[in-house]
Amino acid sequence: MLEIVNLHAEVNGKEILRGINLSVKAGEVHAIMGPNGSGKSTLSAVLAGHPAFTVTQGSVTFNGKDLLAMPAEERSRAGLFLSFQYPVEIPGVSMVNFMRAAVNEHRKYKGQDPLTAGEFLKLMRAKKDIVELDNKLANRSVNEGFSGGEKKRNEIFQMAMLEPCLSILDETDSGLDIDALRIVANGVNQLKTPQNASIVITHYQRLLDYIVPDIVHILYKGRIVKTAGRELVAVLEEKGYDWIKQEVGE
Amino acid sequence: MIHDGYIALFRENEALFQQNLPVWRKQMRNDAVVSLQNQNKATFADAYALDYGLNPQRLPFKGNPFSLFMCDIPGITTYNYLVLNDSFYAQPNLPALPAGVVICSLAQAFVQHADLLQPYISQLALQNPDVALNQLLAQDGMFLYVPDGVQLERPIQLVNMMYGTVDMMAVSHNVAIIGENAKAQVLVCDHAYGSEVSYLSNRLTQVFVGKNATYEHYKLESSSEKTTNVSTLQITQQEGSQVLSNLITLANGQTHNRVEVNLNGKGAHLSINGLGLGHNTERIENHTFINHNVDGATSNELFKYVLDYQAECDFYGLIKVLPDAQQTQAFQINRNLCLSKTARMFTRPQLEIYADDVKCNHGSTVGQLDENALFYMRARGIDPDEARMLLMFAFVHDVLDNVRIEPLKDRLQLLIERRLRGDKTHCNGCKICR
């Protein structure tokens, strides 16, 4: 599904990603862990097409297409979803208008007719239950005045609406209390199918207690320095990242 | 044309200008001459540089003037009136007005209701050159009188229509007297026929809002690039009166709106809002002067502009709180979105406070669309143009929230959306656009 080969990227002339290789297949859940500043969020931003980052080398193939050649909006329509670490507040744009625009762009991309207002509201009602968001959501401005937990639940709600084939969850656990974490993780698990895949980016073990990864990668200084099964999470939690630094010879 | 030219025009046609007027109004014409003679010639000439040609004879329109314009706001029912260039027309077969309500031509009101008008109009200060010119030359306009306790359920719509085949100028004067505990909504639409002819209009509207009365004033401009519109709105509010004013400029050439509000009674509240969408080389100026003259009045001001291309817009807001106006609450905000590097916004939010127990603030911002929000929307698959559109619409949304005539609000949403999308569009009311 996703094939990243020797990916290098920089921001403001500073190289952050220094040769990432990663392969994700349908049905898999990958976890990317690593200390602060290792490039985790940069990787997610580059994959989503953030204009602040420049790819200097390497390739990314997504379902057979050259992902890096696509603008951000097309990547989304093609089935890539980024759950933002810091969801953006957009005062004055209601959730319903925002999501209707997004859903209908996705439908257009697939050659489907836009949803009617009634069909859309029905879909929205069904999906918001997955993350236990309340009924007032539709008329609220996007993320404006949302609590930290609501913002993250709103990200998963949008994921449920857009049904991506690859979701990247960037630090979705940051700022969540244990109940919100459970709700968000349950939402993600409900959306899992044998046809889609996820990349979970996190610092901590606790999210991975709920969203169980098949493969765990450790990102350090812009490279994936270790890849193993889910047992790696427990090792990291016990030994910390210093152990990795020693392993790579620092 | 410099003011000498207008004074000469007045002198040449004095009999015509002064016909059927009460003595005090005739005297105001002469006072206006003196005021104009005292104006700084250079600054006056800036606004009135071109000689557009005025028609003192006011030849009546041949045919039905309402065929020129048909308001297409779905679901709105109004008492519909027209000021075609410089003359007032009432739509034939209008439903009866509530008892005591008068809506007629101002020229006619000077004959039939001169005593009613005198205490209001004769006090008009003529120092301002736009007002002086208006009072020198205005021959007609709308007169609205709502007696005490009468509440008009249906809005009054006044369409100011510029219509000509050669460059021209038109001057009009509207007066509204809203009695105690009365209620009225007035929607003023400024339109211009065709895109080739240059127009200059100078319109003065005076509104007197009685004790505990409610008044809403909407001014909507959708004219042409060759239209210069100079408009002065004066509102005087008595105790406990509630006034809402919205000035929305969708499409225009050069527009200068001056609003002066005097809060003269305790508990009076003013909500004044404006929206300017500046495209091409349009110029939109909104200058507001809010005077808190007595204690315990409140005002809330919000003006927003979206500027594109080489548009040049200007906001000036002065809130003056006089020494006796304790417990005043006055808030003023101006926010502006510059979409191009060549658009220019000038803004001066000002407070002058001479009382010591007041709550006031003012502020202004000029900025661009939020890049983070744009990326967030694109990351959900939304087209960048559509994302910009949603953000622009969000920006102007709180101004629209202050429109309380629902069909007008719905229509404005559509018109603003079309305008923001860059469609060359008007409100489709004029024959030429239909």
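This short talk walks through a predicted two-chain model, from its confidence values to its core, its interface, two helices and a few single residues.

Before I start, a word on conventions: residues are numbered from 1 along each chain as its sequence is written, while chains are lettered from A and ligands numbered from 1 in the order in which they are written. Because this is a predicted model, local features need pLDDT of at least 70 and side-chain atom pairs count only at pLDDT 80 or more, whereas totals for chains, interfaces and linings use all residues.

Let me begin with confidence. The predictor gives the complex an ipTM of 0.96 and a pTM of 0.87. For chain B the average pLDDT, which is the predictor's confidence in each residue on a scale from 0 to 100, is 92, and 96% of the residues score at least 70. Among the elements of chain B, where helices (H or I, at least four residues) and strands (E, at least two) are DSSP runs numbered from the N terminus, the lowest mean pLDDT, 74, belongs to helix 4, residues 41-47, and the highest, 98, to strand 4, residues 142-146. Over residues 430-434 of chain B the pLDDT stays under 50, and the model has 11 contacts beyond four places in sequence for them, a contact being two residues whose C-beta atoms, placed from the backbone, lie within 7 Å. Where pLDDT is low, the predicted coordinates should not be read in detail.

Now to the core. A residue is called buried if 20 or more other C-beta atoms lie within 10 Å of its own, exposed if 12 or fewer, and partly exposed in between, with C-beta atoms placed from the backbone; a nonpolar core is then a set of buried Ala, Val, Leu, Ile, Met, Phe, Trp, Tyr and Cys residues joined through C-beta atoms within 7 Å. The largest such core has 189 residues, and those with the most contacts inside it include A:Val184, A:Val200, B:Met142 and B:Leu391. Helix 9 of chain B, residues 384-400, gives the most to this core, with 8 residues. As for B:Met142, once neighbours within four places in sequence are left aside, its contacts include B:Tyr81, B:Phe88, B:Leu158 and B:Asn174.

How many residues of chain A are in contact with chain B? There are 21, and they meet 17 residues of chain B. On the chain A side, the elements that give two or more residues are helix 2 (72-77), strand 7 (90-94), helix 3 (95-109) and helix 5 (148-162), with the largest share, 5 residues, coming from helix 3. That side divides into 12 nonpolar, 6 polar and 3 charged residues, where Ala, Val, Leu, Ile, Met, Phe, Trp, Tyr, Cys and Pro count as nonpolar, Asp, Glu, Lys and Arg as charged, and the others, Gly among them, as polar.

Two helices deserve a closer look. Helix 10 of chain B, residues 406-420, has 15 residues and reaches 21 Å from its first C-alpha to its last, close to the 21 Å expected at 1.5 Å a residue, that expected span being 1.5 Å times one less than the number of residues. Its buried residues include B:Leu408, B:Arg411, B:Leu415 and B:Arg419. Seen down the helix axis, the buried residues of helix 10 of chain B fall within an arc of 160 degrees, so they line one face of the helix; the arc is that of the directions from the axis to the C-beta atoms. They pack against several elements of chain B, including strand 7 (183-192), strand 9 (214-222) and helix 9. Just after this helix, B:Gly422 takes a positive phi of about 90 degrees.

In chain A, helix 6, residues 178-191, reaches 20 Å over 14 residues, close to the 20 Å expected. A:Val184 is among its buried residues, which pack against helix 5, strand 9 (166-170), strand 10 (197-202) and helix 7 (206-210) of chain A.

Finally, some single residues. B:Asn85, in the loop between strand 1 and strand 2 of chain B, has a positive phi of about 55 degrees although it is not a glycine, and B:Asn93, in the loop between strand 2 and strand 3, has one of about 60 degrees. Buried or exposed? B:Asn85 is buried, with 25 other C-beta atoms within 10 Å, whereas B:Asn93 is exposed, with 5.
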